[in-house]
Amino acid sequence: MFNSLPRDVAARMHELEAVDAEDREDGTPRANRLRQVPPDTGRFLALLAAMAPAGRWVEIGTSGGYSALWLSLPARERGHRLTTFEVLPEKFMLARETFRLASAEDVIDPVQGDARELLEPTPDIAFCFLDAEKEVYSDCYELVVPLLVPGGVLVADNAISHQADLQPVIDRALADERVDAMVVPIGKGELLCRRR
Ligand SMILES: C[S@@+](CC[C@H](N)C(=O)[O-])C[C@H]1O[C@@H](n2cnc3c(N)ncnc32)[C@H](O)[C@@H]1O
């Protein structure tokens, strides 16, 4: 996957990486910052999705579509589709542009709205990446875990960078009999849960 990145995907990834780097250097708080994962986290997500059991792939928090592009690599390889939810209309439009420019519209289905209202409640999720506002993590965790297939994976970003905010959901996962869970020190820290 990683040594044969499609040219359109690589080009759009580089554009988004440049915008994200500018956002972070600038330091001025802006509502529409991309706040995307670093490349290593993207590779980690792609590998996890590539190893997931059969079932639906979901992302909560699309932003400009950067992490979804990483997930498009195993999706294409395995003949899967990713459904990614974004609540902000302007970010949703940006992500649609990303998927068009990267020729990834055939493997990614962007959905505009709050994932908590729109996620289909069928128990067939094999892989979920949760990367939204920290206030919705607990709701999303309680929504997604019952929908995971056995062996299905939930990965939640910012488990180290926003540890204080996310401690309740981290504690919940570590003590939750339904999953095996740990925090992986990669990127901003990934809470990794596998449904038993
Ligand atoms: C950290 S950014 C996502 C970055 C993206 N995963 C990436 O790495 O390229 C978080 C995004 O989640 C969106 N969001 C927050 N709450 C949401 C919800 N309940 N449903 C869908 N999207 C949500 C925000 O608007 C924001 O664009």
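Visitor: Which residues in H6 meet Leu166, Pro168, Val169, Arg172 and Ala173 in H7?
Guide: This is a predicted model, in which local features need pLDDT of at least 70 and side-chain atom pairs count only at pLDDT 80 or more, while totals for chains, interfaces and linings use all residues. Residues are numbered from 1 along each chain as its sequence is written. Helices (DSSP runs of H or I, at least four residues) and strands (runs of E, at least two) are numbered from the N terminus. If contact is taken as C-beta atoms, placed from the backbone, within 7 Å, the residues in H6 that meet those five in H7 are Tyr137, Ser138 and Tyr141.

Visitor: How many nonpolar residues does the contact of H6 with H7 have?
Guide: Nonpolar here covers Ala, Val, Leu, Ile, Met, Phe, Trp, Tyr, Cys and Pro, charged covers Asp, Glu, Lys and Arg, and the others, Gly among them, count as polar. By these classes the contact of H6 with H7 has one charged residue and one polar residue, and its nonpolar residues number six.

Visitor: Are H6 and H7 roughly parallel or roughly antiparallel?
Guide: Two packed helices are described by the angle between their axes and the distance between the axes. Here H6 (residues 137-144) and H7 (residues 163-175) have axes 9 Å apart at an angle of about 25 degrees, the axes being lines fitted to C-alpha atoms over the stretch in contact, with angles from 0 to 180 degrees between N-to-C directions. Angles under 35 degrees count as roughly parallel, over 145 as roughly antiparallel, 65 to 115 as roughly perpendicular and the rest as oblique. The arrangement of H6 relative to H7 is therefore roughly parallel.

Visitor: What is the C-alpha separation of Ser138 and Pro168 in space?
Guide: Ser138, in helix H6, is partly exposed, with 13 C-beta neighbours inside 10 Å, where 20 or more others within that radius would make a residue buried and 12 or fewer exposed. Leaving aside neighbours within four places in sequence, Ser138 is in contact with Val169 and Pro168. Although Pro168 is 30 residues from Ser138 in sequence, their C-alpha atoms are apart in space by 7.8 Å.

Visitor: How far apart are the C-alpha atoms of Ile125 and Ser138?
Guide: Ile125 lies in strand E4 (residues 125-130) and is buried, with 25 other C-beta atoms within 10 Å. Not counting residues up to four places away in sequence, Ile125 touches several residues, among them Val58, Val144 and Val149. Along the chain Ile125 and Ser138 are 13 residues apart, and their C-alpha atoms are separated by 17 Å.

Visitor: Which helix supplies the largest share of the largest nonpolar core?
Guide: A nonpolar core joins buried Ala, Val, Leu, Ile, Met, Phe, Trp, Tyr and Cys residues through C-beta atoms within 7 Å. The largest one has 56 residues, and Leu71, Leu130, Val144 and Leu154 have the most contacts inside it. The largest share of this core is seven residues (within 66-78), and they come from helix H3.

Visitor: What is the approximate phi of Ser63?
Guide: Ser63, in the loop between strand E1 (56-60) and H3, is buried, with 26 other C-beta atoms within 10 Å. Ser63 is also one of the closest of the 21 residues that surround the ligand, that is, residues with a C-beta atom, placed from the backbone, within 6 Å of it. Although Ser63 is not a glycine, its phi is positive, at about 50 degrees.

Key:
Contact = placed C-beta atoms within 7 Å.
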